[in-house]
Each structure stands twice: as C-alpha cells, then as structure tokens.
Amino acid sequence: IEFARSDHLMRTALVLHRGHWLGEGTLFDGRARVVGVRALRECLFFGVPMLRLRSLLSRKPEYWREFGRLALKHFDIATGIAADGMIPDGRRRFFAVHMRLSGLRDTTPPEYPEVNLSKEELGAVANLSRSSLTPILRDLEAKGVITLGYRSLRVIDPVMLGALYGRADR
C-alpha cells in the first residue's frame, strides 16, 4: 500500500500478503481511494466491481458487518503505522517497521517473510537514511536473522527479530 505524503511522492506504508482485502472505504462513503497499490513481485489480484458488491450486500445485508470489521482492521494497521513512526530510537523503529512490512504482525504470518523493497525504500518507510539503515541490516544479517538480496530482505529467524525488537530500547 502506498500513499502520497505532503511532498506528493508515493511512499510504501504496508506490504500486503496472501489473503489481504482492501478498498472497503469506497464502499462506505463513495470517495475515491486515498491509497495506491503496486505489485512488488508476481501476484494474483482480484477486483470486485462495485455494482456487483452493492447488489450482493443488498441481498445479504449481514455481510456489511464483515466489511465493518475489515475497516476496523485497516484502522488498527493505520494507527500501528503511525505508532511505529513515532518510535524515537531508529533501530527499534526499523524493527517495528520491518515486522509490519514482512507480515509478522498479521494474524497468519507468511511462512517465508520477505520484503521486496530497496534499501532506500526501506529507509524511507522507517524514516532512516541509508547510512543509518546499513549498519542495522548488516548486524541483523550477521546474527542470522535476515538475508539480504537485490531489492529483498528475507526474515530467516522471525522469533529472534521479535526478541531483538523487544530488547532494542533496553
């Protein structure tokens, strides 16, 4: 998921993983989307036409509850993004951002958590310069927590990443 900041540049805020739904806001208020979606690797994306969805909801009004739950889930994610951005310690902020981007905070985390972003993009999401981010990435790789590739960062040891995140400010 990307959004435009005040400088009008699109910034990545969330990486969607298998089974994610989005777009329910338009269903509720009819406004245009406020976020964009960009594929970071090969994926399968399904779109449901608004008229069909509204038709289904008129026949099955109990489904509105599920869209309300989805909106609340997305609100929780948005407040998590804001909270991550307010972590003063850069190392701990990066751990929090990376756990979100890799799906480790999802109800069902991916089996092989991976983020397909460049170091510049990762730094921008965590509000860190590349020179501040590089030592953090090197340390995580040396500890066997992640592996780095071209535009990819794969979590090898999610438990250790979580433990380091919990200890980063101590």
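**Exercise 1. Find what share of the contacts with a separation of 6 or more links residues 24 or more positions apart, then describe the chain as a whole.**

Solution.
- Step 1. In the protein chain, 59% of the contacts with a separation of 6 or more join residues that lie 24 or more positions apart.
- Step 2. Keep in mind that this is a predicted model.
- Step 3. Count the elements: the protein chain has 7 helices and 5 strands.
- Step 4. Put them in sequence order, and the pattern reads β-β-α-α-α-α-β-α-α-β-β-α.
- Step 5. Turn to burial: of the 170 residues in the protein chain, 33% are buried.

**Exercise 2. Work out the strand order of the open sheet of 3 strands, and name its edge strands.**

Solution.
- Step 1. The order is β3-β5-β4, and the pairing is antiparallel.
- Step 2. β3 (114–115) and β4 are the edge strands, since each of them pairs on one side only.
- Step 3. Take the pairing of β3 with β5: 2 bridges hold to the antiparallel sense.
- Step 4. Locate a residue pair there: V115 faces L153 of β5.
- Step 5. Add the helix: α6 packs on the sheet and touches β4 and β5. The direction of α6 makes about 125 degrees with that of β4.

In a regular strand, side chains alternate between the two faces of the sheet. Use this when you look at the strands above.

**Exercise 3. Describe the hairpin of β4 and β5, from its bridges to its turn.**

Solution.
- Step 1. Set the limits: β4 covers residues 146–149, and β5 covers residues 152–155.
- Step 2. The two strands run antiparallel and are joined by 4 bridges.
- Step 3. Pick out partners. T147 is opposite R154 in β5. G149 has S152 of β5 as its bridge partner.
- Step 4. Look at the turn: 2 residues lie between the strands of this hairpin.
- Step 5. One residue in the turn is R151, with a positive phi of about 55 degrees.

**Exercise 4. Compare the settings of N127 and R151: in which loop does each sit, and is each buried, partly exposed or exposed?**

Solution.
- Step 1. Start with N127. Its phi is near 55 degrees, which is positive although the residue is not glycine.
- Step 2. N127 belongs to the loop between α5 (119–125) and α6.
- Step 3. The relative accessibility of N127 is 59%, so N127 counts as exposed. The cut-off for exposed is over 50%.
- Step 4. Now take R151. This residue is also not glycine, and its phi is positive, near 55 degrees.
- Step 5. R151 lies in the loop between β4 and β5.
- Step 6. R151 has 30% relative accessibility and therefore counts as partly exposed.

**Exercise 5. Describe how α4 meets α6: at what angle, with which handedness and through which residues?**

Solution.
- Step 1. Find the helices: α4 spans residues 90–101, and α6 spans residues 130–142.
- Step 2. Their axes come within 10 Å and cross at roughly 65 degrees.
- Step 3. The crossing of α4 past α6 is right-handed.
- Step 4. From α4, the contact uses G90, R91, F94 and F95. From α6, it uses L133, I136, L137, D139 and L140.
- Step 5. Sort the residues of this contact: 6 are nonpolar, 1 is polar and 2 are charged.

**Exercise 6. Decide whether α3 and α4 are roughly parallel or roughly antiparallel, and list the residues that meet.**

Solution.
- Step 1. α3 covers residues 64–85.
- Step 2. α3 and α4 pack at about 155 degrees, and their axes are 9 Å apart.
- Step 3. Angles over 145 degrees count as roughly antiparallel. The two helices α3 and α4 are therefore roughly antiparallel.
- Step 4. Their crossing is left-handed.
- Step 5. On the α3 side are I81, D84 and G85; on the α4 side are R93, A96, V97 and R100.
- Step 6. This contact of α3 with α4 divides into 3 nonpolar, 1 polar and 3 charged residues.

Conventions. Residues numbered from 1 in each chain as written. Predicted model: local features only at pLDDT ≥ 70, side-chain atom pairs only at ≥ 80, totals over all residues. Heavy atoms only, no water. Pairing = 2+ DSSP bridges. Axes fitted to C-alpha atoms, helices over the stretch in contact; angles between N-to-C directions. Left-handed = near helix turned anticlockwise from the far one by under 90°. Contact = heavy atoms within 4.5 Å. Nonpolar A, V, L, I, M, F, W, Y, C, P; charged D, E, K, R; others polar. Parallel < 35°, antiparallel > 145°, perpendicular 65-115°, else oblique. Buried < 20%, exposed > 50% of the residue type's maximum accessible area, 1.4 Å probe, protein only.
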